[in-house]
Amino acid sequence: MNDIIIYTDGACKGNPGPGGWGAWLTSGPHQKELWGGEPLTTNNRMELLAVIEALASLKRPSQVALHTDSSYVKNGITTWIHNWKRKGWRTAAGGPVKNADLWQRLETEAARHQVSWHWVKGHAGDPGNERADALANRGAAAYLKG
């Protein structure tokens with residue numbers, strides 16, 4: 001099984017507003033950069049899309065160390081999702097889970113791999129996080145001009 005390190009990040013210029021996502025993947029000497037964006041979105045959606053797109057880009061099941069600066073993503077996939085599913089994609093307060101479409105996609109992509117989830121502090125000099133942030137901003141830049 002391949003060992004892959006992934007750093008992801010999302011960016012939004014206004015929330016909601018134009019947004020972008022980025023991912024930096026490394027495996028031994030190999031590296032891959034991914035980015036994209038949407039014209040009207042939220043930061044949380046971009047954080048989720050970064051992880052989904054990174055995992056979806058892997059051609060075979062892999063052992064993945066995934067780093068995100070989003071506690072929303074890390075807590076959601078490791079803790080909250082179990083209760084959301086049990087309650088029919090409803091929150092503890094009974095409302096619909098925000099971004100349920102993306103959470104379901106993330107769950108499907110993550111199930112293909114052995115993923116260890118790591119939270120890193122954003123904008124604190126972590127080289128992988130800084131690179132993912134730059135890629136997310138590149139993704140958002142396409143939509144800033146309208």
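Begin by selecting helix α2 (residues 71-86) together with helix α3 in this predicted model. Their axes lie 11 Å apart, and the two helices pack at an angle of about 100°. Because angles of 65 to 115 degrees count as roughly perpendicular, α2 is described as roughly perpendicular to α3. Next, display the side chains where the two helices meet. From α2, select Y72, V73, G76, I77, I81, W84 and K85; from α3, select W103, L106 and E107. Colouring this contact by class will show seven nonpolar residues, one polar residue and two charged residues.

Keep α3 (residues 100-111) on display and add helix α1 (residues 43-56). How far apart are the axes of α1 and α3, and at what angle do the helices pack? The axes are 9 Å apart, and the angle is about 25°. Angles under 35 degrees count as roughly parallel, so α1 is roughly parallel to α3. The crossing of these two helices is left-handed. To see the contact itself, select R45, L48, L49, V51, I52, E53, L55 and A56 on the α1 side. On the α3 side, the residues to select are D101, L102, W103, R105, L106, E109 and A110. This contact comprises ten nonpolar and five charged residues, with no polar ones. W103 and L106 of α3 deserve a second look, since they appear in the contact with α1 and also in the contact with α2.

Now isolate α1. This helix has 14 residues, and the distance from its first C-alpha to its last is 20 Å, close to the 20 Å expected at 1.5 Å a residue. Which residues of α1 are buried? They are M46, E47, L48, L49, A50, V51, I52, A54 and L55. As a general point, an α-helix has 3.6 residues a turn, so residues three or four places apart point the same way.

Return to α3 and select D101, which is found in this helix. Its relative accessible area is 41%, which means that D101 is partly exposed. Then add T78, which is 23 residues from D101 along the chain; the C-alpha atoms of the two are separated by 17 Å.

The next selections are in loops. Go to W89, in the loop between α2 and α3. W89 has a positive phi of about 60° although it is not a glycine. Is W89 buried or exposed? With a relative accessible area of 17%, W89 is buried.

Move on to H123, in the loop between β5 (114-119) and α4. H123 also has a positive phi, near 55°, and is likewise a residue other than glycine. H123 is exposed, with a relative accessible area of 60%.

A further loop, between β1 (2-12) and β2 (17-27), holds P16. Select N15 and P16 together: a cis peptide bond joins them, with omega at about 15°.

Finish in helix α4 (residues 127-144), where G128 lies. G128 is buried, with a relative accessible area of 3%. Which residues does G128 touch, leaving aside those up to four places away in sequence? They are Y7 and W24. As a last step, select T26: T26 and G128 are 102 residues apart along the chain, and their C-alpha atoms are separated by 9.8 Å.

Notes
Residues numbered from 1 in each chain as written. Predicted model: local features only at pLDDT ≥ 70, side-chain atom pairs only at ≥ 80, totals over all residues. Heavy atoms only, no water. Helix = DSSP H or I, 4+ residues; strand = E, 2+ residues; numbered from the N terminus. Buried < 20%, exposed > 50% of the residue type's maximum accessible area, 1.4 Å probe, protein only. Contact = heavy atoms within 4.5 Å. Expected span 1.5 Å × (residues − 1). Axes fitted to C-alpha atoms, helices over the stretch in contact; angles between N-to-C directions. Parallel < 35°, antiparallel > 145°, perpendicular 65-115°, else oblique. Left-handed = near helix turned anticlockwise from the far one by under 90°. Nonpolar A, V, L, I, M, F, W, Y, C, P; charged D, E, K, R; others polar.
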